[in-house]
Amino acid sequence: MRKVLLSGCEASAEGALAAGCRFYAGYPITPQNRFPEYMSERMPEEGGVFIQAESEISAINMVYGAAAAGMRAMTSSASPGISLKQEGISYLAGAELPAVIVNMNRAGPGLGDVTPSQSDYFQSTRGGGHGDYRTIVLAPWSVQEIYEFTYKAFDLADKYRTPVIVHSDGVTAQIMESVDLHLHRKRLPEKKWALTGCRERLPNSVRSLALTPGVLETHNWALAGKYRKISLRETRHSKYMCDDANLLVVSFGTCARICHDAILMARAAGIKAGLFRPVTLWPFPYEELAKLAGKAKKIFVVEMNMGQMIDDVKIAVKNNIRIFFYGRPGGGVPSSEEIFREIKKI
Amino acid sequence: MKTIYKRPLSLTSNTTIFCPGCGHGIVQRVVAEVIDELGIREKTVGVAPVGCSVLSYDYFNLDCSESAHGRAPAVATGIKRSLPGRIVFTYQGDGDLAAIGTAEIVHAAARSENITVVFVNNAVYGMTKGQLAPTSLIGQKTTTTKRGRTAEANGYPIRVCELLAALEGSIYLERTTIGSVPEIIRTKRAIKKAFTCQMEGKGFSLVEVLANCPTNWKMTVPESFRWINEVMTVTFPPGVYKDKTAFDTESEKKEGTPGK
């Protein structure tokens, strides 16, 4: 076991390297500047490629090229930069290229603030760019998890030939925690479709354009089938003290971690609260939440935004239960005492 | 009987959907002949971005990637850095390269990415049917400048070779035309030199080819070739704008004096 003290940016980078990622292109933006800085040192050490691109747009397109060439490739950014990358993410989804994008969510809209936020939930889970597509979205709540989830993201991206987003925030990006670096991918999957030169085979092409009538519709139905398969197989959640809970707190990422402490306070005060945490934001654990909601009396959604994941909670429980909400938009990070106070009001 | 003319191996037998008289067919054939002659088809990857160029992957008989509008140099960078032993080229039009993709081309040249860019300049947006391009000439009528481009309203055409020549990272830059047979031969020579520059690991190369778009210029094909030769070349003079291919080392490139 190898435990080291790392920031979330560094741990995510180590997870990528452990997964065999050997191509990183990025652009400076707070609160994830440590990411490109760290990669600029570590990538060459591992024999990989680091490029500081001229823009977020260029960075995601470099990743597109590297992915097309068969590399495990990634980029990282924070919200305004992720907006710029959406064009490229749409092309990755359309061309079915595997890639990993880490979003250290900061507060918007516009230039907003550099403080942590969860306000890119809609952008991450509803597609983000143009067209009919989904991206797998993983939401870590600790530095250990961002290491493991980034590693896992590469396997998912290759398995389904799809872009995967690690949806984190400025808190997890910058805090330092001890991380057990236990992962190491030895063998990478073969990619017969990659553009490596057509030696002893017919030429390959990577594309998302389909001008012949009907071809795109067929392609998009195939994508829909893939997304259905992902929903059935890859939905993840975790729960804490939910078995006897009257009050089900639903929260993800950093905010869920704060809620966890608030729930301990609530339990000490005799309130039967439990925590349901979606680990994949897409696919969202609708069925698992619906099952638990059948037992609880009330649901309390807590997010660092105006209320975005609450839409998915409503889809899951279909108005069969009262839903309360507490949010902190614009970079506000609630304390566990603050959430405990809100729990007591319900 | 001796075969004196045949389809290059690097072109597919697909029928192109380019308009009658379009210059793309000539440029793509020239690129394919060069790839055949250099014997690099099986290790070459092409990148075709949005615009009429995007269809290249149906016509080049080699590995090809589509790219988003203007982003081909970034995609090519990703491929080349991942597979340094492969030959990577982009095939881009003027709207793509000189408008929406200005940042990508300038920075690929500044980094001296070891890629080759075939830049087809026909002074108009072809696929979207004839809007003002960054390279449209002063006075040129387009669907968004019906009375002709004016400097006051639309600014001036961008001269890409001249612009990129200012960057230390660009190693080989030449502008040619397909306005006549000798010019097509010169184009082929330039493209061959650009690919050779990459094969020798020297860095960024670009050939700008002035080509015709009779449909959107609203001309007959012979008129369009005359327009290249008599009008376009005034704003875009053909010639070699940069040639540091003879230089072997970094210091030679910097000082501008080739080694023995």
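These exercises, each with a worked solution, concern a predicted model with chains A and B.

**Exercise 1. The contact between the chains**

Task: Find how many residues each chain gives to the contact, and describe the side of chain A that touches chain B.

Solution:
- Step 1. Count both sides. Chain A gives 32 residues and chain B gives 28 residues.
- Step 2. Assign the side of chain A to its elements. β3 (49-52), α3 (56-68), α4 (79-95) and β9 (205-206) of chain A supply at least two residues each.
- Step 3. Pick the main contributor. α3(A) has the largest share, with nine residues.
- Step 4. Sort the side of chain A by class. There are 18 nonpolar, 10 polar and four charged residues.

**Exercise 2. A sheet across two chains**

Task: Give the strand order of the open sheet of eight strands, and identify the strands at its edges.

Solution:
- Step 1. Write the order. It reads β9(A)-β2(B)-β1(B)-β3(B)-β4(B)-β6(B)-β5(B)-β7(B), with mixed pairing.
- Step 2. Read off the edges. These are β9 of chain A and β7 (239-243) of chain B. Each has a single partner strand, so one side of each is left without a neighbour in the sheet.
- Step 3. Check the link between the chains. β9(A) runs parallel to β2 (residues 63-67) of chain B, and two bridges join them. A:S205 has B:C64 as its bridge partner in β2(B).
- Step 4. Check a pair within chain B. β4(B) and β6 (residues 204-210) of chain B are parallel and joined by six bridges. Here B:V118 is bridged to B:V207 of β6(B).

**Exercise 3. The nonpolar core**

Task: State how many residues the largest nonpolar core has, and explain why it lies between two domains of chain A.

Solution:
- Step 1. Take the residue count. The core has 181 residues.
- Step 2. Name the residues with the most contacts inside it. They are A:V63, A:V100 and B:V118.
- Step 3. Trace the domains. Domain 1 (3-187 + 207-234) and domain 2 (239-345) of chain A both give residues to the core, so it lies between them.
- Step 4. Look around A:V63. Leaving out residues up to four places away in sequence, A:V63 touches A:F23, A:A25, A:A73, A:M74, A:T75, A:A99 and B:G78.
- Step 5. Return to B:V118. This core residue is also the bridge partner of B:V207.

**Exercise 4. Unusual backbone geometry**

Task: Locate the cis peptide bonds from A:T30 to A:P31 and from A:W282 to A:P283, then examine the positive phi values of A:E200 and B:S112.

Solution:
- Step 1. Set the expectation. Most residues other than glycine have a negative phi, and most peptide bonds are trans.
- Step 2. Place the A:T30 to A:P31 bond. Its omega is near 10°. A:P31 sits in the loop between β2 (23-26) and α2 (34-45) of chain A.
- Step 3. Place the A:W282 to A:P283 bond. Its omega is near -5°. A:P283 is in the loop between β13 (280-282) and α10 (286-293) of chain A.
- Step 4. Turn to A:E200. Its phi is near 55°. The residue belongs to the loop between β8 (176-180) and β9 of chain A. A:E200 has 6 C-beta neighbours inside 10 Å, so it counts as exposed. The cut-off for exposed is 12 or fewer.
- Step 5. Turn to B:S112. Its phi is about 50°. The loop between α5 (102-110) and β4 (116-121) of chain B holds B:S112. With 18 C-beta neighbours inside 10 Å, B:S112 counts as partly exposed.

**Exercise 5. The overall form of chain B**

Task: Test the radius of gyration of chain B against that of a compact globule.

Solution:
- Step 1. Work out the expected value. For 260 residues, a compact globule would have a radius of gyration near 18 Å.
- Step 2. Compare. Chain B has 18 Å, which agrees.
- Step 3. Add the box. Along the principal axes, the C-alpha atoms of chain B fill roughly 50 × 50 × 35 Å.
- Step 4. Add burial. Of its 260 residues, 53% count as buried.
- Step 5. Add contact range. Among contacts in chain B between residues at least 6 apart in sequence, 65% join residues at least 24 apart.
- Step 6. List the elements. Chain B has 11 helices and seven strands.

**Exercise 6. The surroundings of B:M127**

Task: Decide whether B:M127 counts as buried, partly exposed or exposed, and find its contacts.

Solution:
- Step 1. Locate the residue. B:M127 is in the loop between β4 and α6 (151-154) of chain B.
- Step 2. Apply the neighbour count. B:M127 has 15 C-beta neighbours inside 10 Å, so it counts as partly exposed.
- Step 3. Find the contacts. Beyond its neighbours within four places in sequence, B:M127 is in contact with B:G51 and B:C52.
- Step 4. Set sequence against space. B:M127 and B:V54 are 73 residues apart in sequence, and their C-alpha atoms are 9.7 Å apart.

Terms used. Residues are numbered from 1 along each chain as its sequence is written. Chains are lettered from A and ligands numbered from 1 in the order in which they are written. This is a predicted model: local features need pLDDT of at least 70, side-chain atom pairs count only at pLDDT 80 or more; totals for chains, interfaces and linings use all residues. Two residues are in contact if their C-beta atoms, placed from the backbone, lie within 7 Å. Helices (H or I, at least four residues) and strands (E, at least two) are DSSP runs, numbered from the N terminus. Ala, Val, Leu, Ile, Met, Phe, Trp, Tyr, Cys and Pro count as nonpolar, Asp, Glu, Lys and Arg as charged, and the others, Gly among them, as polar. Two strands pair if DSSP finds at least two bridges between them. A nonpolar core is a set of buried Ala, Val, Leu, Ile, Met, Phe, Trp, Tyr and Cys residues joined through C-beta atoms within 7 Å. A residue is buried if 20 or more other C-beta atoms lie within 10 Å of its own, exposed if 12 or fewer, and partly exposed in between; C-beta atoms are placed from the backbone. Domain bounds come from an automatic or database domain assignment. The radius of gyration is taken over C-alpha atoms; the globule rule is 2.2 Å times the number of residues to the power 0.38.
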